[in-house]
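Here is a friendly walk through one protein model, from a single residue out to the whole chain. Keep the structure open beside the text and turn it as you read.

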Amino acid sequence: MKVSELNLKAKSLLECHFEDIELSGEISKITIHGSGHWYFDLKDEKSSIACVMFKGFNQFVSPKPQVGDMLDLRGYVSLYEASGKYQFIAKSMQKTSLGDLEAKFLALKEKLEKEGLFDKSTKKTINLYPKKVAIVTSLTSAALQDMLKLIKQKEYNFCKISIFDSLTQGLNAPISLINALQKADSCGFDVIVLARGGGSREDLFCFNDEELARKIYTLKTPVVSAIGHEIDYVISDFVADLRAPTPSAAIDMIFPSKMALEQKLDEIEMKFKFQISNFIKLQENNLAHLQDLVKAKSLESIFELKKQHLKMFKDQLHNFMKMKILSCQNQLKNFEELLKQHENFFQKSKNLINLQKDEKNISLKDLKQGDIVKLCSIDETKEAKIL
């Protein structure tokens, strides 16, 4: 049998047994071809399938579907012979009620993003080695049991785990989650894990609540959002400090295993030993270098060199002091000569008299009879009258 024959038979078999099927799911990607045909993928929480809606059928659909829309399709299953891939051929399409939920999700996401609640700059750092961890989830959930089992397997025995029971689906879930988060935030934990296992879009929608998102943003304790499966995204994932694809993945991200810690300690020990070894080797090299210097220059030669330096300094100091004393002697001699000149001048001028009238110097020829004058010598002053 040829490949084309097998594909043809498979196509006939599929179209015969799945000729009128109702299919529901979420659009994950869509291509609107220039021919008018629509090619898209429909998914649920576990699987996806390629779909096509030809122009003859989609011309009656309004508005055009978008990524994230929840759809109810009616059609049949077929196989594209050229590639051997099976696909769903849609004849009719309408949005489900969950499509409205997706619209609300996108609107709230855009609103909070504009307000800055998703900014990376506001994200709090999570301790690498937490000592106190809070888990906010349902006490009866399978997700909690999986998380506790994984924590036990990791053998990370340095941490205290506290469980805060809360509703994780339904109309009352947001206020229940808010109360549990607020209580956990007041207890001084290193991190809070907000967790829920997989479910339908509608089951997880309580984690798209605006008040819950704002409460997560205002908490002083770092929050890890671990909701659903890897393909599921909720508002709490964006506003939390860290998003984990699943609750079990959150445990892997937060808790180091005993084996990982032992490996880390081994690495630190090896690095420390390497640094100590290098330090010792460096000091040994320095010591060897000093020993070589001592061998090349004996202590006697070192002392002799220092002695020569000391003698040179002594001679320089002696010459300096000699020059300084000579300079002072010259200055003293100059002062003595100057003093002698002053004394000679004093002896010669002590008997000389200066005439003053009205506190001004005046010559003898300018005086008149009756003038009162002062007779000033170096050490004496007297008044006189011209007769």
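## A buried alanine

With a relative accessibility of 2%, A240 counts as buried, because that value is under 20%. This is a predicted model, so please read everything here as a description of that prediction. A240 sits in the loop that runs between α7 (235-239) and β10 (242-243).

Which residues does A240 touch, once its neighbours within four places in sequence are set aside? They are K123, I216, V223 and S225. L117 can also be found from here: its C-alpha lies 9.0 Å from that of A240, although the two residues are 123 apart in sequence.

## Helix α8 and what covers it

Move on to helix α8, which spans residues 247-254. Its buried residues are P247, A249, A250, I251 and I254. An α-helix has 3.6 residues a turn, so residues three or four places apart point the same way. That spacing is worth keeping in mind when you look down the helix axis.

What lies over these buried residues of α8? The cover includes helix α4 as well as the strands β8 (191-196) and β9 (223-227). V223, one of the contacts of A240, falls within the range of β9.

## The largest pocket

The largest pocket holds about 400 Å³ of space. Its lining is made up of 24 residues, and those closest to the centre are E26, K43, M70, R201 and D232. Three elements give two or more residues to this lining: β1 (21-32), β4 (70-80) and α3 (97-115). Of the elements, β1 gives the most, with five residues.

How does the pocket lining divide by residue type? There are nine nonpolar, seven polar and eight charged residues.

## The cavity

The model has one cavity of 30 Å³ or more. The space inside the largest cavity is about 30 Å³. Around it are R201, L204, N208, D232, Y233 and V234, a lining of three nonpolar residues, one polar residue and two charged residues.

Two names come back here. R201 and D232 line the largest cavity, and both are also among the residues closest to the centre of the largest pocket.

## Backbone details

Three spots in the backbone deserve a look. One is the peptide bond between S62 and P63, which is cis, with omega at about -5°. P63 belongs to the loop between α2 (55-58) and β4, and β4 is one of the elements that help line the largest pocket.

The other two are residues with positive phi that are not glycine. E155 has a phi near 55° and is placed in the loop between α4 (142-154) and β7 (160-165). E155 is partly exposed, because its relative accessibility of 41% falls between the 20% and 50% limits. E359 has a phi of about 65° and lies in the loop between β11 (354-357) and β12 (360-361). Is E359 buried or exposed? It is exposed, because its relative accessible area of 60% is over 50%.

## Along helix α9

Helix α9 covers residues 258-296, and I280 is part of it. I280 counts as partly exposed, with a relative accessibility of 43%. For a sense of scale along the chain, compare I280 with E267: the two are 13 residues apart in sequence, and their C-alpha atoms are separated by 20 Å.

## The annotated domain

The UniProt record, an unreviewed entry, places the feature "domain: OB-fold nucleic acid binding" at residues 2-94. In the model, this span is 20% helix and 48% strand. The C-alpha atoms at its two ends are 39 Å apart.

## The whole chain

Now zoom out. The protein contains ten helices and 14 strands. How does its radius of gyration compare with that of a compact globule of 387 residues? The protein has 52 Å, whereas such a globule would have a value near 21 Å. Taken along the principal axes, the C-alpha atoms fill a box of roughly 165 × 80 × 50 Å.

Buried residues account for 32% of the 387 residues. Among contacts between residues at least 6 apart in sequence, 61% join residues at least 24 apart. The pairing of A240 with K123 is one contact you can find by eye.

Notes: Residues are numbered from 1 along each chain as its sequence is written. This is a predicted model: local features need pLDDT of at least 70, side-chain atom pairs count only at pLDDT 80 or more; totals for chains, interfaces and linings use all residues. Side-chain values use heavy atoms; hydrogens and water are left out. On a 1 Å grid over the protein atoms alone, a cavity is a set of points where a 1.4 Å probe fits but cannot get out, and a pocket is an open set with protein on both sides within 12 Å along at least five of seven lines; lining residues have an atom within 4 Å of a point. Grid points are joined across faces, edges and corners, and a volume is the space filled by probe spheres set on the points. Ala, Val, Leu, Ile, Met, Phe, Trp, Tyr, Cys and Pro count as nonpolar, Asp, Glu, Lys and Arg as charged, and the others, Gly among them, as polar. UniProt positions are given in the numbering used here, feature names are shortened, and annotations may be inferred rather than shown by experiment. Helices (H or I, at least four residues) and strands (E, at least two) are DSSP runs, numbered from the N terminus. The radius of gyration is taken over C-alpha atoms; the globule rule is 2.2 Å times the number of residues to the power 0.38. Buried means under 20% relative accessible area, exposed over 50%, partly exposed in between (1.4 Å probe, protein chains only). Contact means heavy atoms within 4.5 Å.
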